[in-house]
Amino acid sequence: MKEVSSLLGYRESIKVMDATLRDGGLVNDFNFTDEFVKKIYKANIECGVDYMEMGYRASKKVFDESKFGKWKFCSDDHIREIVGDNDTDLKIAIMADIGRHDKGDFDQKANSPVDMIRVAAYIHQMPEAIDMIEDAAKKGYETTCNIMAISNTQENDLKAALDMLGKSPVDVIYIVDSFGAIYPEEMARVVDLYSEFTAKYNKQLGIHAHNNQQLAFANTIEACGDGVNWLDATYNGMGRGAGNCSMELLLGFLKNPKYNVYPAFKFIEDNMVKLKEDGIVWGYDLQYLITGLLNQHPRTAIQFTKDKRTDYAEYYKDMLI
């Protein structure tokens, strides 16, 4: 059993990362208005959130700029239009998705409003991920590495990747339950495995959970109770498919007096409700439960949702074939 103090006590080491624009952008092709982005920036400051992930810095050689909102590409100029000089305690993060980025698009930190580069990679992309991490670190950025789809990864491969990352300049290594397939009991064992390497190489450990089985919050606080300090969340759980750990749940749980849940409720009331009224769809549903149960990528469930299907039993049967 965990010590009660590990769940109920104040830990100064905890960092909360808002990933709404980045993960939520996968739901609406990053078509957020500047007004919306300014309001979420303000809400994060009022809530005491530590980092705000503005979106991806995707390569325009890979993606057609006309098909996405600007937060898919997250230029320094666009970020400055929102945050100015960002004379606040809130730090700004963006994500580089390995295979879909160009490290030449990242200027020196001294010339950028961005504080942190988050590198997302699958296990087989680790050499390229480390190359990006090294480049970002040399330019002066804080860095994380989000190893995706670990529920489909062999343990020995994962250990090898963690050892490689440990020897890199990365600051934070993230546990990512991409398919929402991990249960809290399993999460405890995953944290133990990651902790072997983060302790050995003096790295921080984070968690990014998806909500396919309505366990994103449970897995996040399970990891937090086991000493994971960096916690991702999104307002109203907005994120790809079933979404993520909800910011309002996490802020309500954390006992650090710097965090304030009221501005989260107010932001959701004034802004997130309208997104849903406008037809933007995310969150737990049976098709995402099915991919979570089967430990599969939610791409077929996302298409199921877009097609407005409700034949859940037939979909489940098809997924078993």
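## Exercises on a predicted model

A264 lies in helix 10, which covers residues 262-277, and the model in which this residue is placed is a predicted one.

**Exercise 1.** Determine whether A264 is buried or exposed, and find which residues A264 touches.

*Solution.* Begin with the relative accessible area of A264, which is 0%. The cut-off for a buried residue is under 20%, so A264 is buried. Next, set aside the residues up to four places away in sequence; A264 then touches C47, Y235 and L251. As a last step, take the C-alpha atoms of A264 and M319, which are 55 residues apart along the chain, and find that they are separated by 37 Å.

**Exercise 2.** Establish how the radius of gyration of the chain stands against the globule rule for 321 residues.

*Solution.* Start from the secondary structure, in which the chain has 13 helices and 8 strands. The radius of gyration is 19 Å, close to the 20 Å that the globule rule gives for 321 residues, so the chain is as compact as a globular protein of that length. Taken along the principal axes, the box that the C-alpha atoms fill is roughly 55 × 45 × 45 Å. Then turn to burial and contacts: buried residues make up 56% of the 321 residues, and, among contacts with a separation of 6 or more, 75% are between residues 24 or more positions apart.

**Exercise 3.** Work out how strand 4 is enclosed and which strands pair with strand 4.

*Solution.* First count the buried residues of strand 4 (residues 116-121): 6 of the 6 are buried, so this strand is largely enclosed by the rest of the structure. Next, separate the two directions, since M116, R118 and A120 point one way whereas I117, V119 and A121 point the other way, and all are buried. Then follow the pairing: strand 3 (residues 91-97) runs parallel to strand 4 and is joined to it by 5 bridges, with I94 having I117 as its bridge partner in strand 4. Strand 5 (residues 142-147) also runs parallel to strand 4, through 6 bridges, and A121 stands opposite I147 in strand 5.

**Exercise 4.** Describe the burial of strand 7 and the sense in which strand 7 pairs with strand 6.

*Solution.* Strand 7 (residues 204-209) is mostly covered, with 5 of its 6 residues buried. The pairing of strand 6 (residues 172-177) with strand 7 is in the parallel sense and extends over 6 bridges. Within this pairing, the bridge partner of V176 in strand 7 is H208.

Methods: Residues are numbered from 1 along each chain as its sequence is written. This is a predicted model: local features need pLDDT of at least 70, side-chain atom pairs count only at pLDDT 80 or more; totals for chains, interfaces and linings use all residues. Side-chain values use heavy atoms; hydrogens and water are left out. Helices (H or I, at least four residues) and strands (E, at least two) are DSSP runs, numbered from the N terminus. Buried means under 20% relative accessible area, exposed over 50%, partly exposed in between (1.4 Å probe, protein chains only). Contact means heavy atoms within 4.5 Å. The radius of gyration is taken over C-alpha atoms; the globule rule is 2.2 Å times the number of residues to the power 0.38. Two strands pair if DSSP finds at least two bridges between them.
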